[in-house]
Amino acid sequence: MAILLADVGGTNARMALARGGALAADTITRFRGDDHASFDEVVTAFLGQQGSPQIEAVCVAVAGPVWGDEARLTNRDWSFSTARLCALSGAPRARLINDLIALGYATPALDGEAAGFLRAAPQGTLSNGQRLVVNAGTGFNVCAVKVLPGGGIACLEAEEGHTRLPLSVAEPLAEALGAAARAIDSVEELFAGRGLARLHALRTGAPQGRAEAVVAAAAQGDGEAEKTLALYARLFGLLCRELAFRFMPMDGLFLAGSVARSCTDRFEIFERAFLSDPLMARIPQAVPVGVIRDDMAALHGCLAAIR
């Protein structure tokens, strides 16, 4: 008996089996979305490659909204349903979860290099079983996690990216950009990839490009790109401080997503902002900050979610 797991994005789908409560590393397979007309086709191909194993359960993480027993990718015309997953796999039960929720489920198992802790909590800090994933990539959102006394895991859905910028972020943004800052008023519009690209364009007066180009330019020694990334890291640190108060993740605040990970190279700037305000300073001081470096984290999260 095996559990079928999948992490499905707009470009690739990672598939794997789990046996005996652990991911079977030799089964992990990546499928290019462009090579398949539907996810159903991917499931059929993967199970065939694995010798048509008997499947006891299925859990699929989807880069898009999940509505009960159905889901759809944001950046590809693929749809999902638990009924089809059960029919294709022969499993008696299936679950669909958002990919950020999958990362939330994975956090209790993250340690060492996978957790990528950039700052540890002071010795003697009390655990409360709470963690927070902060994802800044194509979009922006968070997933709050609570490990329950019996060992269960609760992950909370949110739409943090569509909240307005807090004053602690909006004011320094206005100081840096002047009147141009009024073009940015939501968290996602500043901290997602397109937000970083817009921040650079507003700072420099250059045409807006892509976030990846700004990061690459900074790596090649472009001073203006580096100034943009330093400003982003400072503002992101201020936002994460607000999130630390809101969610009290005393067991770890985990950065995820390509844009958030750009802050790891400027962590001193991020951390200075994260710890900058003396109001209730003991809370951010006690929150460890890590970055999710395990590419298989969502698959591990799927396994935790279907148990």
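## Strand β1 and its partners

Two strands count as paired if DSSP finds at least two bridges between them. In this predicted model, strand β1 (residues 2–8) and strand β5 (residues 55–62) clear that cut-off with seven bridges, in the parallel sense. Within this pairing, A6 stands opposite V60 of β5.

β1 also pairs with strand β2 (residues 12–19). Here the sense is antiparallel, over six bridges. One contact places D7 with R14 of β2 as its bridge partner. Three residues separate β1 from β2, and the two strands form a hairpin.

## Burial of β1

How much of β1 is buried? Seven of its seven residues are, so the strand is mostly covered, buried being under 20% relative accessible area.

In a regular strand, side chains alternate between the two faces of the sheet. In β1, both faces are covered. A2, L4, A6 and V8 are buried on one side. I3, L5 and D7 are buried on the other. D7 thus joins two descriptions: a buried residue of β1 and the bridge partner of R14.

## Salt bridges

The whole structure holds 15 salt bridges. Side chains of opposite charge can pair when their charged atoms come close. Three of these pairs are described below, with their exposure.

R32 bonds to D35 in a salt bridge, with the closest N and O atoms 2.8 Å apart. R32 is partly exposed because its relative accessibility is 43%. D35 is partly exposed too, at 47%. This pair belongs to a wider network of salt bridges that links R32, D34, D35 and R76.

R194 and E188 meet through their side chains, at 2.8 Å from N to O. Is each partner buried or partly exposed? R194 is partly exposed, with a relative accessible area of 43%. E188 is buried, because its relative accessibility is 12%.

## A pair within helix α9

Which residues form the salt bridge with closest N and O atoms 3.7 Å apart? They are E224 and K227. Both lie in helix α9 (residues 223–247). They sit three residues apart, about one turn of the helix.

E224 has a relative accessibility of 34%, so E224 counts as partly exposed. K227, at 49%, is also partly exposed. The cut-off for exposed is over 50%, so K227 stays in the partly exposed class.

Technical notes: Residues numbered from 1 in each chain as written. Predicted model: local features only at pLDDT ≥ 70, side-chain atom pairs only at ≥ 80, totals over all residues. Heavy atoms only, no water. Buried < 20%, exposed > 50% of the residue type's maximum accessible area, 1.4 Å probe, protein only. Helix = DSSP H or I, 4+ residues; strand = E, 2+ residues; numbered from the N terminus. Salt bridge = Lys/Arg side-chain N within 4 Å of Asp/Glu carboxyl O.
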